[in-house]
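Work through the following exercises with the sequence and the model side by side. Try each task before you read its solution.

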Amino acid sequence: MKKALLILMVLILLAFSALAQTLKLKDVPDDHWAASAVYDLVKMGITKGYPDGTFRGGKPITRYETAIFLSKLAKAIAGEDIKTDIKSLKDQVLELKKETAKGKSLFSGNYLSSWKAGNLLAARGNSSGAVGSYRLILSSHQGIGDAASVKINLDTMDYGYFDDGSATKVGRGLLASELLDVESNLKLDLARPVDLKITYGPGPKQHTTDPTGVMTSEVGVTYVRPNTGIQISTKLSGADISLGYFSLQGPSFDMSGKVNTSQLTGSVALNLPIFKVALTGDYISHGLFSSDSRDLRAKVDLTAPLGEKIEAQGTVGLGGKEKSSMMVSGSLALNDLWDTGTVAIIRMAKIGASYIDPAFANEEFYFAGYDSFNRPLVGGTVQLGGVLTQAVSDKVKIIGKGDMRLSGDYKYEGANARLTAEGGISYNIAPNANLDAAYRVNQDKGAGDTTDVAALGLLYRF
Amino acid sequence: MKYFVTFSLLFLFTIPAFAEEMYLRDVPEGHYAYDAVYDLIKMGVTGGYPDGTFRGKNLMNRFEIAAFLSKFAKSTNLDRGINEKLVEELKSEISLIRYEKDKEKKERVISGELQSRWRNGKTINLSGAKADYRLKARMIRSFGDAASFVINLDTMGEGFNGGQRDLVREMLDLEGKVKIGSVTLKATSGPGDITHKDDGLFPIENNMIFRRPQRAVAVSASVGRTDFSLEYLSRATQSSGLIDVSEISAKLSQDFYPFKFIFNPRFFNNSNGERDARLELTAGFNNFSILLGMAKGEGFPEGLYVRGDLAIGEGIKMVAQKIGTQYREKFSYGIFDLFDRNLPDGSSNIGLELNKKLGKHWFAGVKGDFTSPGEIITSEYRLGYSFDVNSAIELVYQTYRAGALSDNLTLALKLLY
């Protein structure tokens, strides 16, 4: 067995031996009984015989000579050939992994095809109607070395067949100035690591009108997109510090790129034992910096994870010294607290009538936050809302959403009184696709009407 | 060498008693056989004599050689085994990465077509040249067989034609597909039929329609030779975005080779609550098929549509169709001639298309179309040279007679990527 093994190994070596030399030993003629064995060893480079060209095969061997033979043989057998193989294979693996990592950055995003029928229970002379639309979000993320990355997003927002009625090009989704946003990140290794982020984007875009007349609850829905600006952030003795400068466009979007309103913002976030506190200060002015119209604001955010499944969050915002320029809001998130597949978020907020500075009403429209339907909260109101998600099975979820907007003195009356409630079911039909159905009722006391929407959506993530 | 040391170290751990404290008095560092002797010790082939000497100058007898070789074989066997296992592991890792990469490639594909044209047109009172392009780009992302997603961009006639088309609503179209067992669910978002308007030089192309996907959702299933599909699509949209005309189309096709039958009722309704229905029946035999369409509530033959299609081999295609004067009186949609122009109700149309490969690179084609009333005659002669499967150059001459005669000559370069 051992002999067979050795022969086998020797044969393998023979096949691979690149350093084969045709060395002839004087005292080992080709017809000698040991000739093939001796020349095998010669081919493997284990011996060359004595310098005078003899092998002296009849001479006894010393232990040293044996040790040298065997040690050389061991190296030959353990195989430089195999080791070269291993090395080249390892190189190949590394190369392939590199390529794969490169290829991964191509595209990701989602595509939502939705069909909505509005005013099904049409009342007060409203007519009913349906809308078929799509929204595509396409993202491409590319790392440049370890320190820099570029992210390009395309978001068609509400332009997928929505028409604001204007026949002009504005309002038809301009590629470069509305649909695309670009974010570049750079890690700078200064005295401490500093992250630099530069974004170009249209800022939050609001669906402001409803020419269809049947989707009134969609008015105000905002697509959260980045503002154009620059932000630097770093860590300083446990605190996250960031400073940014942004150009605020507001809904009256200036395609020329002119900076009409600037925002200088700074924030400090601290991780304290029980909660996290973030202080943000903003200085907003018209133009590049103007002294005649400006707004100084401050905000305190407190976040407290009360255990693994509960999180409480509170915000106090100051838009000025008066009580009417303040806002308070709080939310409580219960993440499957009872192990029943129930996720609940409850939110409430009270916003002072002039929390959003009237001089900057367009630019600050989203400063008080959003409701459950991504509509911005407005000044002089009290907002109560929440989202309840109940998993029925691995693939099916029931989702309930509601929002109630009261007047500043907690009454459901007046121009701002509005109630929106939505119930829906989400079915995960394939790992990358969801089928959603929802029904929404919207009562708007200001407009004096009640409308409803039934929606069916197919969402593909890719 | 590095690997050898690594593996030797491995043995150091497996045979600690021998290796760690082994020191042979008579083999000092620098001795000519020093490396060889300690290699063998590491391999476990020898440990020297019990008194800590190697006695290298002693001669060996056959027993000693046998003992060395036996231990040596075991050690190298193990050594080689480990290396071979490593090779196998690396090889399988490589093939796994390759497989996943190929899969990834198959799952994400960007392809498309670029057509650039230089053309000269002549009408009775106008002549001139134009250069334009049409770009079609397609990105496919599939998730195994279960789901796929496609984004298409098509510049249609907009490569230098005034640039009025809108990206989101007109140039892009999207398609998402999900398969659940034998049922396929498909959602498309697209502009539907887009009508090309010519500025006068190429009247042949005025009102030509780019047939793009509609906004639609469709469920289809196939069982054996029976295919069934149910589709809801938006045919027209009001300026506000509201769906004006929608269609529900149910299609049942049954294949009894060489016969094939399709039963296709289509229901239409608009935002004013008006409804209409059409029934289209198709019977096919080999390469010949005949379609009969009937509009609800219209008389005979005003509400009738007949169309015959015949294909002979790869190269010959014939179409003849007659549309009743009231077939699409309500809820109009496109019925096309060979040049993708809509035929009005009450017209008769015949078309013939011949394509021929002339050798390895050259190809030629003739296309003719006659529509009555109006006695519109359109013809096209095409001679092309394909460099390879992905690129071709074509010379196209078209004539168009609708009262007055006009013609144009086009040189087109087509690239597939």
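Two residues are in contact if their C-beta atoms, placed from the backbone, lie within 7 Å. This is a predicted model, in which local features need pLDDT of at least 70 and side-chain atom pairs count only at pLDDT 80 or more, while totals for chains, interfaces and linings use all residues. Residues are numbered from 1 along each chain as its sequence is written, and chains are lettered from A and ligands numbered from 1 in the order in which they are written.

**Exercise 1.** Find which residues Tyr111(A) touches, leaving out those up to four places away in sequence, and place Tyr111(A) in a nonpolar core.

Solution. Start with the partners in chain A, which are Tyr134(A), Leu136(A) and Tyr460(A), and then add Phe149(B), Leu174(B) and Gly176(B) from chain B. Next, recall that a nonpolar core is a set of buried Ala, Val, Leu, Ile, Met, Phe, Trp, Tyr and Cys residues joined through C-beta atoms within 7 Å; a residue is buried if 20 or more other C-beta atoms lie within 10 Å of its own, exposed if 12 or fewer, and partly exposed in between. The largest such core has 28 residues, and those that touch the most other members are Tyr111(A), Ala433(A), Leu458(A), Tyr460(A) and Leu174(B). Among the elements that give two or more residues to this core are strand 1, strand 2 and strand 20 of chain A and strand 3 (147–154) of chain B, where helices (H or I, at least four residues) and strands (E, at least two) are DSSP runs, numbered from the N terminus. Strand 3 of chain B supplies the largest share, four residues. Apart from this core lies another, of 21 residues, including Met44(A) and Phe72(B).

**Exercise 2.** Describe the side of chain A that touches chain B, by element and by class.

Solution. Count the residues first: chain A brings 62 residues to the contact and chain B brings 65 residues. Then look at the elements, where helix 4 of chain A gives the most, with 12 residues. Finally, sort the side of chain A by class, which yields 37 nonpolar, 16 polar and nine charged residues; here Ala, Val, Leu, Ile, Met, Phe, Trp, Tyr, Cys and Pro count as nonpolar, Asp, Glu, Lys and Arg as charged, and the others, Gly among them, as polar.

**Exercise 3.** Is Asp292(A) buried or exposed, and why?

Solution. Locate Asp292(A) in the loop between strand 11 (276–286) and strand 12 (294–305) of chain A. Asp292(A) counts as exposed because it has 8 C-beta neighbours inside 10 Å. As a further step, compare Asp292(A) with Pro29(A), 263 residues apart along the chain, and find that their C-alpha atoms are separated by 109 Å.

**Exercise 4.** Pick out backbone features of Pro301(B), Pro373(B), Arg56(A) and Met156(B).

Solution. Most residues other than glycine have a negative phi, and most peptide bonds are trans. The bond from Phe300(B) to Pro301(B) is cis, with omega near 5°, and the bond from Ser372(B) to Pro373(B) is cis too, with omega near 0°. Turning to phi, Arg56(A), which is not a glycine, has a positive value of about 55°, and Met156(B), also not a glycine, has a positive value of about 50°. Arg56(A) counts as partly exposed because it has 13 C-beta neighbours inside 10 Å, and Met156(B) counts as partly exposed because it has 19.
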